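Me: I would like to go through this model and ask, for each description of it, what the description rests on.

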Amino acid sequence: MKVIRVQNQVEGGQVAFNLLKEAMADGAKTLGLATGSTPLAFYKEVVASDLDFTDMTSINLDEYVGLAKEHDQSYDYFMRDNLFNAKPFKENFLPNGLASDLDAEVKAYDGVIAEHPIDFQILGIGRNGHIGFNEPGTSFEMTTHVVDLQESTIEANSRFFASREDVPKQAISMGIASIMKSKTIILMAFGKEKAHAIKEMITGPVTEDLPASVLQKHDNVIVIVDQEAASELESL
Ligand code: GLP
């Protein structure tokens, strides 16, 4: 893993944006995208740029089960609000959290990923080391699946909802096996609450107890961290 230390999230977004520009110049056609607060500065850079995405495909990592696309906390809404409304793509894929048959939905999503191999994957990381919504204990072999969210994740995400009870208890997430097939992976982390997960991801054992540690086995991962998120790392 290559680690790039930055001063803050804004600089991190610029670094990630420059990597995206290079990847697109090299022919990247499919972007794997993430939600959460971490990629926001990156999306701002993208929106402010003159990059054209009308020939590009995006595939998002995950979506809550039970939220309509119109719900302002759905990941579909987040992506339109922060990127897609300003930068139209050829096609945007997100799991459908309202699918009546979730088994069929996860299979269909695996089909989408198989059809559009991901060239450039953006990742954040949960405080417990989750990527997408792959919580600790998730098999590295998993493809798209329905996840029961951990209490700590529900707690962390409750800040976006009116009350804790409103946070969905399940999500559909791309699996670790699918994430690992991406050609390039950019993982960003900002803030002290990510420091432990970052340390374990980079220097700890590769274990399903810390899903992001699997990235040690991928040969093209770039980690962008601010000083706080890097604070538990020895100087690398
Ligand atoms: C959420 C998302 C992840 C995200 C993570 C961190 O639960 N499913 O994709 O990386 O948690 O969120 P944030 O960037 O807001 O810290």
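Me: What share of the accessible surface of the protein chain belongs to carbon and sulfur atoms?

Reply: This is a predicted model, and in it carbon and sulfur atoms account for 47% of an accessible surface of about 10500 Å².

Me: Why is the protein chain called as compact as a globular protein of its length?

Reply: The secondary structure comes to seven helices and ten strands. The radius of gyration of the chain is 16 Å, and the globule rule gives 18 Å for 236 residues; the two values are close, so the chain is as compact as a globular protein of that length. Along its principal axes, the C-alpha trace spans about 50 × 40 × 35 Å.

Me: How many of the residues count as buried, and what does that word require?

Reply: A residue is buried when its relative accessible area is under 20%, and 54% of the 236 residues count as such.

Me: Which residues of helix α3 are buried, and what makes them line one face?

Reply: In α3, which runs over residues 75–84, the buried residues are Tyr75, Asp76, Phe78, Met79, Leu83 and Phe84. Seen down the helix axis, these residues fall within an arc of 155°, so they line one face of α3.

Me: What do the buried residues of α3 pack against?

Reply: With contact taken as heavy atoms within 4.5 Å, the buried residues of α3 pack against several elements, among them the strands β2 (30–33) and β5 (91–93) and the helices α2 (40–48) and α5 (151–157).

Key: Residues are numbered from 1 along each chain as its sequence is written. This is a predicted model: local features need pLDDT of at least 70, side-chain atom pairs count only at pLDDT 80 or more; totals for chains, interfaces and linings use all residues. Side-chain values use heavy atoms; hydrogens and water are left out. Helices (H or I, at least four residues) and strands (E, at least two) are DSSP runs, numbered from the N terminus. The radius of gyration is taken over C-alpha atoms; the globule rule is 2.2 Å times the number of residues to the power 0.38. Buried means under 20% relative accessible area, exposed over 50%, partly exposed in between (1.4 Å probe, protein chains only). Accessible areas come from the Shrake-Rupley method with a 1.4 Å probe; for residues, only the protein chains shown count as cover. The arc is that of the directions from the helix axis to the C-beta atoms.
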